[in-house]
Amino acid sequence: MPGTTRTAATITGHFTFADWQERVIGPGEDANPRLAHASVRNTFTGGIEAAGTNCEYTIVYVTAKTGSFSGMELLTGSVEGREGSFAVEERGFFGEDGTVHCTFEVVPGSGSGELTGLSGKGDFTARHGETEVAYRFAYELAEEPARTELRGSA
């Protein structure tokens with residue numbers, strides 16, 4: 001886009017999760033593999049500031065302690081002080097020791113407000129028992145140049 005510049009940065013921070021509501025979809029609580037659904041609320045601090053996000057996961061348990069998941073999360077808040085909302089698509093897996101490995105990517109076109117045009121990818125590793133999880137997010141954001149008005153003399 002002529003006249004538009006893009007800011008690129010990598011930011012870090014932490015998030016905490018709450019209200020983990022999980023239910024088995026099928027075939028049963030003790031069956032493997034089994035499918036489950038979880039609704040979660042996260043609070044992000046650091047480069048991303050967002051309280052009470054909405055996150056929905058679909059989980060496949062291969063064993064009682066291992067599996068993979070995918071999900072969508074809607075964040076409303078700010079990225080380095082720029083206000084707006086955006087959605088991320090998440091994919092990951094968890095191992096026998098309870099460690100969760102996840103990558104996420106901004107859903108194209110989902111940015112609003114000052115986050116319109118946001119794109120980026122990130123990741124986190126959550127270790128069993130931790131209440132605060134570190135994340136990394138590399139993003140780009142289009143910035144419109146400041147408009148100046150030309151004024152003629154009277």
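Strand E1 gives the most to the lining of the largest pocket, with four residues. I begin with this pocket, and I ask you to keep in mind that everything shown here comes from a predicted model. The pocket has a volume of about 650 Å³. Its lining is made up of 25 residues. Those that lie nearest the centre are Phe17, Trp20, Phe94, Gly98 and Val100. On your screens, you may wish to select these five residues and look at where they meet.

Which elements give two or more residues to this lining? They are strand E1, residues 5–26, strand E2, residues 34–46, strand E4, residues 54–61, and strand E8, residues 119–126. As for the character of the lining, 14 residues are nonpolar, five are polar and six are charged.

Let me turn from the pocket to the cavity. How many cavities of 30 Å³ or more does a search of the whole structure find? The search finds one, and its volume is about 90 Å³. The cavity is lined by 14 residues. Phe44, Glu73, Val88, Glu90 and Phe104 are the ones nearest its centre. At least two lining residues come from each of E2, strand E5 (67–79), strand E6 (82–94) and E9. Strand E6 gives the most, with three residues. By class, the lining of this cavity has 11 nonpolar residues, one polar residue and two charged residues. Strand E2 thus appears in both lists: it supplies at least two residues to the lining of the cavity, and it gives two or more to the lining of the largest pocket.

I now come to the salt bridges, of which the structure holds two. In one of them, the side chains of Arg6 and Glu140 meet, with a nitrogen-to-oxygen distance of 3.1 Å. Why does this pair tie together parts that are 134 residues apart in sequence? The reason is that Arg6 lies in strand E1, whereas Glu140 lies in strand E9, which covers residues 133–143. Are the two partners buried, partly exposed or exposed? Arg6 has a relative accessible area of 45%, so this residue is partly exposed. Glu140 is at 34% relative accessibility and therefore also counts as partly exposed.

The other salt bridge is formed by Asp123 and Arg136, and here the closest N and O atoms are 2.3 Å apart. Asp123 is in strand E8 and Arg136 in strand E9, so that this pair, too, links distant parts of the chain, 13 residues apart. Asp123 has a relative accessibility of 25% and counts as partly exposed. Arg136, at 39%, falls into the partly exposed class as well. Strand E9 therefore holds one partner of each bridge: Glu140 and Arg136.

Next, the surface. Which residues form a nonpolar patch there? The patch consists of Ile25, Leu35, Val60 and Val62, which together have about 300 Å² of accessible area. Ile25 belongs to strand E1. With a relative accessibility of 46%, Ile25 counts as partly exposed.

I close with the backbone, where some residues deserve a second look. As background, most residues other than glycine have a negative phi, and most peptide bonds are trans. Where in this model are the peptide bonds cis? One cis bond joins Gly26 and Pro27, with omega about 0 degrees. Another runs from Asn32 to Pro33, and its omega is near 0 degrees. Pro27 is found in the loop between E1 and E2, and Pro33 lies in the loop between E1 and E2 as well.

Which residues other than glycine have a positive phi? Asp19 is one of them, with phi near 55 degrees, and this residue lies in strand E1. Glu80 is another, with phi near 45 degrees. Glu80 is found in the loop between E5 and E6, and its relative accessible area of 44% makes this residue partly exposed.To draw the threads together, strand E1 has come up several times. The strand gives four residues to the lining of the largest pocket, includes Ile25 of the surface patch, and contains Asp19 with its positive phi.

Note on methods:
Residues are numbered from 1 along each chain as its sequence is written. This is a predicted model: local features need pLDDT of at least 70, side-chain atom pairs count only at pLDDT 80 or more; totals for chains, interfaces and linings use all residues. Side-chain values use heavy atoms; hydrogens and water are left out. On a 1 Å grid over the protein atoms alone, a cavity is a set of points where a 1.4 Å probe fits but cannot get out, and a pocket is an open set with protein on both sides within 12 Å along at least five of seven lines; lining residues have an atom within 4 Å of a point. Grid points are joined across faces, edges and corners, and a volume is the space filled by probe spheres set on the points. Ala, Val, Leu, Ile, Met, Phe, Trp, Tyr, Cys and Pro count as nonpolar, Asp, Glu, Lys and Arg as charged, and the others, Gly among them, as polar. A salt bridge is a side-chain nitrogen of Lys or Arg within 4 Å of a carboxyl oxygen of Asp or Glu. Buried means under 20% relative accessible area, exposed over 50%, partly exposed in between (1.4 Å probe, protein chains only). Patches are made of residues with over 30% relative accessible area and no salt bridge: like charges are joined within 9 Å, nonpolar side chains (Val, Leu, Ile, Met, Phe, Trp, Tyr) within 5 Å. Accessible areas come from the Shrake-Rupley method with a 1.4 Å probe; for residues, only the protein chains shown count as cover.
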